Amino acid sequence: MTPRRNLLLAGLAAAAAMCTTGAQAQDNVLRVGTDATFPPMEFVENGKRTGFDVELVEAVAKSMGKQVEWVDIDFKGLIPGLISKRFDMAVSAIYITDERKKVVDFTDSYYAGGLVVMVKADNKAINKLADLDGKKVSVQVGTKSVAYLTEKFPKVQRVEVEKNQEMFNLVDIGRADAAVTGKPAAYQYVRTRPGLRVLEEQLTTEEYGMALRKDTPELTRAVNAAIAKLKADGTYAAIVKKWFSGSAAAK
């Protein structure tokens, strides 16, 4: 064998080794797209991502022997970014819908969201959904809450505001009897502001799922297995308790 051929083979072997090392390194990374602007699911605090979704994804990755590489992106870009392979998975309080399932796959539901009712802890007049009739209920303009109450609870006196904070403040100061909003936001507010409670009975139920590409069914199965393992060993329950005060509605 000529020295030139030996050199060529050595170069090919080195290149193959580098490719293998790179592939192995990539196998240990789970790239996850998120829009970290929705507390308590995902948000930035003191310059660091945190929240229920963030901790759960980190635990899932650890169970799979992987490290997480976060990719920050606006919510509307999550599904297109996933499809275009900018990342391997999208996790950002994404509801599982029939429309989205046409283009991406979802893990099993990892949390049940939906609309809930928040009232003051000492409010004795509202204990079930039927008690909303005739009451002043604050809602955020443009949200599902407005349309839902209009259709299902026409006797409610809606107080429509622009911001989530305004909606909660009206209950705090007694200008509204209740607020109807998304479950994560309601539990986050109650967790940080004593004297309020969320009714156990929900208005609607929406399921959150982790989105993955349709061409990576093995990864979807692996993530599902990791979620199941975390539920079995108590890790999932601990994360739920931390972020949702042990909400009985968690699944």
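**Two sheets and some crossing helices**

Okay, let's start with two helices: α7 and α9 are roughly perpendicular to each other, a label that covers angles of 65 to 115 degrees, with under 35 being roughly parallel, over 145 roughly antiparallel and the rest oblique. The angle between α7 and α9 (residues 235-244) is about 70 degrees, and their axes lie 8 Å apart. Axes here are lines fitted to C-alpha atoms, for helices over the stretch in contact, with angles running from 0 to 180 degrees between N-to-C directions.

Who does the touching? On the α7 side we have Pro 184, Tyr 187, Gln 188 and Arg 191, and they meet Lys 242, Trp 243 and Phe 244 of α9. Contact means heavy atoms within 4.5 Å. Sorted by class, the contact of α7 with α9 has four nonpolar, one polar and two charged residues; nonpolar covers Ala, Val, Leu, Ile, Met, Phe, Trp, Tyr, Cys and Pro, charged covers Asp, Glu, Lys and Arg, and the others, Gly among them, are polar.

A word on what you're looking at. This is a predicted model, where local features need pLDDT of at least 70 and side-chain atom pairs count only at pLDDT 80 or more, while totals for chains, interfaces and linings use all residues. Residues are numbered from 1 along each chain as its sequence is written, and side-chain values use heavy atoms, with hydrogens and water left out.

Now the overall picture. The protein has nine helices and 15 strands; these are DSSP runs numbered from the N terminus, helices being H or I with at least four residues and strands E with at least two. Of its 251 residues, 44% count as buried, meaning under 20% relative accessible area, with exposed over 50% and partly exposed in between (1.4 Å probe, protein chains only). Take the contacts between residues at least 6 apart in sequence: 68% of those join residues at least 24 apart.

Back to α7, since α6 packs on it too. Helix α6 (residues 164-172) meets α7 (residues 183-192) at about 50 degrees, and the axes are 12 Å apart. That angle makes α6 oblique to α7. The crossing is right-handed: the near helix is turned clockwise from the far one by less than a right angle, whereas anticlockwise would be left-handed. From α6 come Asn 164, Gln 165, Phe 168, Asn 169 and Asp 172, and from α7 Ala 185, Ala 186 and Tyr 189. The tally for α6 with α7 is four nonpolar, three polar and one charged residues.

On to the sheets. One open sheet has five strands in the order β11-β10-β12-β9-β13, with mixed pairing; two strands pair if DSSP finds at least two bridges between them. At its edges are β11 (157-161) and β13 (196-198), each pairing on one side only. From one strand to the next, the twist averages 30 degrees. Further in, β9 (residues 115-120) and β12 (residues 178-182) run antiparallel and are joined by four bridges. One bridge to look for: Val 117 has Val 180 of β12 as its partner.

Which strands does α5 touch as it packs on this sheet? Helix α5 (residues 144-152) touches β9, β10 (136-140), β11 and β12, and its direction makes about 145 degrees with that of β10. Helix α6 packs on the sheet as well, touching β9, β10, β11, β12 and β13, at about 150 degrees to the direction of β12. Within α5, Ser 145, Val 146, Tyr 148 and Leu 149 are buried, and the buried residues of this helix pack against β9, β10, β11 and β12.

There's another open sheet of five strands, ordered β5-β1-β6-β15-β7, again with mixed pairing. Here β5 (67-72) and β7 (105-106) have a single partner strand each, so one side of each is left without a neighbour in the sheet. Strand β7 runs antiparallel to β15 (residues 211-212), and two bridges join them. Asp 105, for instance, is bridged to Leu 212 in β15. Helix α2 (residues 52-63) packs on this sheet against β1 (29-34), β5 and β6, its direction at about 145 degrees to that of β5.

Last stop, two backbone oddities. Lys 85 has a positive phi of about 70 degrees although it is not a glycine, and it sits in the loop between α3 (78-83) and β6 (89-90). Ala 93, also not a glycine, has a positive phi of about 50 degrees, in the loop between β6 and α4 (98-101). Buried or partly exposed? Lys 85 counts as partly exposed because its relative accessibility is 48%, whereas Ala 93, at 10%, is buried.
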